[in-house]
Amino acid sequence: MFRRGGAFIGKYFGTDGFRGEAGITVTAEHAYKIGRILGYVYGRGKDKCRAVIGKDTRLSSYMLEYAVAAGLTASGADAYILHVTTTPSVSFITRCDGFDCGIMISASHNPYYDNGIKLMNENGEKTDDVIIAEIERHLDNGLKDIPQKSGADIGRTVDYISGRNRYIGHLISLSTCSYKGLRVGIDAANGSAWQIARSVFEALGAKTYTVGCEPNGVNVNDGVGSTHIETLAELVKSNSLDIGFAFDGDADRCICVDENGDVLTGDEELYVCARYMRARGELSGDKIVCTTLSNGGLIKSLSACGISCSVCDVGDKNVCDRMNETGAVLGGERSGHIVFSKYESTGDGLVTAVMIMETLLENKCRASSLTKGYKAFPQVLINVPAANGRKTCADVRRDVEEISARFGVRTVVRPSGTESLIRVMAEGENYDDCLSACGEIRASIQNITE
């Protein structure tokens, strides 16, 4: 077990839960055992543990959901089932409805054949490292220290669709004005937001055009969603829409497209929202949090507006931790994880979309005008397959330093916390230099892994 960028990494749990190929790396047996452990750990010192469970649209999510619920009830906990919903909604309901913990069955932006188990504490935040370490220990020792309940002490499951409906009401309540007259594109990635997103925007008066809203269990993130933004861009351009929003499989990310089909990444979204909040006197300390993968142009452009950036390691947990440390009320990642601490304790793609709509309406302008004054530096990001990313990154460190200096670029080379990949980013004044640097770093990684 070790920590990377402030995050706990164990035998089973990575930076974003227990994730891998469903039925092979993440099995129903694993899910049952995790449920048993959670029911025991969070039930200590109280009459009964109350846990809430959500899932995305993957075929395997049903298997894992029921296995977790079985484990919870076998340990005497009550399991409240939200059914298909978003990760942020589980966080919101956990915190607002007084649950001991929250569980989300999802592999986020990964393909359908992967799945995962994300755990949250009573505040709707990622579960504390000490609890994850205890879960890992119990998984390894076969649950021999965890008693199984019997008789009237066995827990129950509760259909909790009302919780998801309350979350939808929360999203609608964030808007201060009507969206009537606006034409909005929605790409739900055939995932968790396929019903919720359209419900929110139509309730607020927008005319919606959708793609990625026909889940069948095996098409989540398949050519749609925030990692395939070209699909939404085409929808927006072909229908002359005002704006578009793409989410990932569990809707904790949001990437925006303006009326021209041009993409607003998480960096541009942070720029837009930071300026909006500052103008309203809501940006505490005139500062935000971003990560090492954020474009340097974000920092420079916001500085020109009198807004500073605190830079942290990649990962939404690191963003939230830095926000807590600095008192910042806005933070996020280039991937579209944006955190508004006034409304949520985690990144929420739908909250991000609502806040950008608020900015659009208050400024009474086209979406393309929202990024006026923002200038990004050339940046290239590639993924390189690697089975042991952490070791490989250490092995190529000197090569990366030499390549970076030779091309005069800033680089970030890090193992993915969710996939068997190494993320390589290069940023500089010249795009071709960034591309060449990434190519040489890729070759160096491949020489080591082959």
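## Close-up views of a predicted model

**View 1. Helices α1 and α2 pack at an angle of about 35°, with their axes 6 Å apart.** The model is predicted. The crossing of α1 past α2 is right-handed. On the α1 side, the contact is made by Ala 28, Ala 31, Tyr 32, Gly 35, Arg 36, Leu 38 and Gly 39. On the α2 side, Met 63, Leu 64, Ala 67, Val 68, Ala 70, Gly 71, Leu 72 and Ala 74 take part.

**View 2. Helix α1 covers residues 28-41 and has 14 residues.** From first C-alpha to last, α1 reaches 20 Å, close to the 20 Å expected at 1.5 Å a residue. Buried residues of α1 are His 30, Ala 31, Ile 34, Gly 35, Arg 36, Ile 37, Leu 38, Gly 39 and Val 41. An α-helix has 3.6 residues a turn, so residues three or four places apart point the same way. The cover over the buried residues of α1 includes two helices, α2 (59-74) and α4 (129-140). The cover also includes strands β3 (18-21), β6 (101-105) and β7 (114-120).

**View 3. The largest nonpolar core has 65 residues.** Phe 245, Phe 247 and Leu 330 have the most contacts inside this core. Helix α11 (residues 349-363) supplies the largest share, 8 residues. Another core, of 32 residues, lies apart from it. Among the residues of that other core are Ile 37, Ile 105, Ile 117 and Leu 139.

**View 4. Phe 245 and its contacts beyond four places in sequence.** Phe 245 touches Val 184, Gly 185, Ile 186 and Asp 187, and also Phe 201 and Leu 232. Its contacts further include Cys 254, Ile 255 and Cys 256. Ala 353, Ile 356 and Met 357 are touched as well. In strand β12, Cys 256 stands opposite Phe 245.

**View 5. An open sheet of 5 strands runs in the order β10-β9-β11-β12-β13.** Pairing in this sheet is mixed. β10 (207-211) and β13 (263-264) are at the edges, each with a single partner strand, so one side of each has no neighbour in the sheet. Helix α7 (residues 230-238) packs on the sheet and touches β9 (183-187), β10, β11 and β12. The direction of α7 makes about 160° with that of β9.

**View 6. Strand β11 (residues 243-247) pairs with β12 and β9.** β11 and β12 (residues 254-257) run antiparallel, joined by 4 bridges. One of the facing pairs is Gly 244 opposite Val 257 in β12. The pairing of β9 with β11 is parallel, over 4 bridges. Here Val 184 has Ile 243 as its bridge partner in β11. In a regular strand the side chains alternate between the two faces of the sheet. From β11, Ile 243, Phe 245 and Phe 247 point one way, and Gly 244 and Ala 246 the other way. β11 is mostly covered, with 5 of its 5 residues buried. The hairpin of β11 and β12 has 6 residues between the strands. In this hairpin, Ala 251 takes a positive phi near 65°.

**View 7. Gly 428 lies in the loop between β20 (421-427) and α14 (431-449).** Gly 428 is buried, with a relative accessible area of 10%. Leaving aside neighbours within four places in sequence, Gly 428 is in contact with Phe 377, Pro 378, Val 409 and Cys 434. Thr 411 is 17 residues from Gly 428 in sequence. In space, C-alpha to C-alpha, Thr 411 and Gly 428 are 8.9 Å apart.

Conventions. Residues are numbered from 1 along each chain as its sequence is written. This is a predicted model: local features need pLDDT of at least 70, side-chain atom pairs count only at pLDDT 80 or more; totals for chains, interfaces and linings use all residues. Side-chain values use heavy atoms; hydrogens and water are left out. The expected span of a helix is 1.5 Å times one less than its number of residues. Buried means under 20% relative accessible area, exposed over 50%, partly exposed in between (1.4 Å probe, protein chains only). Contact means heavy atoms within 4.5 Å. A nonpolar core is a set of buried Ala, Val, Leu, Ile, Met, Phe, Trp, Tyr and Cys residues joined through side-chain atoms within 4.5 Å. Two strands pair if DSSP finds at least two bridges between them. Axes are lines fitted to C-alpha atoms, for helices over the stretch in contact, and angles run from 0 to 180 degrees between N-to-C directions. A crossing is left-handed if the near helix is turned anticlockwise from the far one by less than a right angle, and right-handed if clockwise.
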